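Colleague: I should like to take a close look at a single part of this model. Please go through that part slowly, in terms a first-year student can follow.

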Amino acid sequence: MASLHQARSTRFAALIILILALGALSFFAAPADAQCTCTRGSMNSSARCWYGGPGSGSYVTVPSGGTYSINCQAVGGSVGGNNYWNRIWYNGRWCYVNDYYMTTGCATKCSNIGCCSGYSC
Ligand SMILES: *[C@@H]1O[C@H](CO)[C@@H](O)[C@H](O)[C@H]1NC(C)=O
């Protein structure tokens with residue numbers, strides 16, 4: 001009876017060690033940027049925010065300083081080496097502003113934010 005109990009606790013301890021090891025491994029193996037999450041961005045410059053998609057259609061100029069929730073992201077034309085566009089709600093409408101003009105805490109893609117419909121990201 002005692003040896004059966006001991007075998008069970010040994011297996012249980014081995015399982016715990018395995019789970020901890022896998023957790024540590026996935027933590028170190030993940031590239032830093034793939035884990036970058038964001039919810040909003042602040043305008044670090046005034047910029048055009050496009051109604052028709054990244055750089056298309058008509059636009060509104062968003063002043064610097066404001067902070068906006070990012071609803072989705074889209075890959076489009078590059079501005080300052082950044083080809084990510086963030087869809088924000090500004091002045092009662094959705095529009096797309098290039099990520100180059102926003103500080104989100106992530107270099108480009110926010111891993112927790114999905115692609116805007118019709119775009120890759
Ligand atoms: C805005 O901030 C981002 C990230 O901090 C930076 O990469 C980018 O160059 C800045 N853009 C402008 C127009 O200052």
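In what order do the three strands of the open sheet stand, and is their pairing parallel or antiparallel?

Modeller: The model is a predicted one, and the part in question is an open sheet of three strands. Their order is 4-1-8, and the pairing is antiparallel. In general, strands of a sheet pair through backbone hydrogen bonds, and this can be done in a parallel or an antiparallel manner. The edges of the sheet are formed by strand 4, residues 67-69, and strand 8, residues 102-103. Each of these edge strands pairs on one side only.

Strand 1, which covers residues 40-43, is joined to strand 8 by two bridges. One residue pair can be picked out here: Ser-42 has Thr-103 of strand 8 as its bridge partner. Towards strand 4, strand 1 has three bridges, and these two strands also run antiparallel. On that side, Gly-41 stands opposite Tyr-68 of strand 4. The two faces of strand 1 can be told apart as well: Gly-41 and Met-43 make up the covered face, whereas Arg-40 and Ser-42 make up the uncovered one.

Thr-103 leads from the sheet to the ligand. This residue, the bridge partner of Ser-42, is also one of the residues around the ligand. The others in that group are Asn-44, Ser-45, Gly-80, Tyr-100 and Tyr-101. By class, the shell around the ligand consists of four polar and two nonpolar residues, with no charged ones.

For context, one may turn to the largest nonpolar core, which has 19 residues. Among those with the most contacts inside this core are Cys-49, Ile-70, Trp-85 and Val-97. Strand 2 (47-50), strand 6 and strand 7 each give two or more residues to the core. Trp-85 may serve as an example: beyond its neighbours within four places in sequence, its contacts include Pro-54, Gln-73, Tyr-96 and Val-97.

Between strand 6 (82-90) and strand 7 (93-98) there is a loop, in which Asn-91 is found. Asn-91 counts as exposed because it has 8 C-beta neighbours inside 10 Å, and the limit for that class is 12 or fewer. Its phi is near 55°, a positive value in a residue other than glycine. Most residues other than glycine have a negative phi.

Finally, a word on confidence. The chain has a mean pLDDT of 82, and 72% of its residues reach 70 or more. Over residues 10-32, however, the pLDDT is below 50, and this stretch has one contact in the model beyond near neighbours in sequence.

Methods:
Residues numbered from 1 in each chain as written. Predicted model: local features only at pLDDT ≥ 70, side-chain atom pairs only at ≥ 80, totals over all residues. Helix = DSSP H or I, 4+ residues; strand = E, 2+ residues; numbered from the N terminus. Buried ≥ 20, exposed ≤ 12 C-beta atoms within 10 Å, placed from the backbone. Near = placed C-beta within 6 Å. Nonpolar A, V, L, I, M, F, W, Y, C, P; charged D, E, K, R; others polar. pLDDT = per-residue confidence, 0-100. Contact = placed C-beta atoms within 7 Å. Core = buried A, V, L, I, M, F, W, Y, C linked by C-beta atoms within 7 Å. Pairing = 2+ DSSP bridges.
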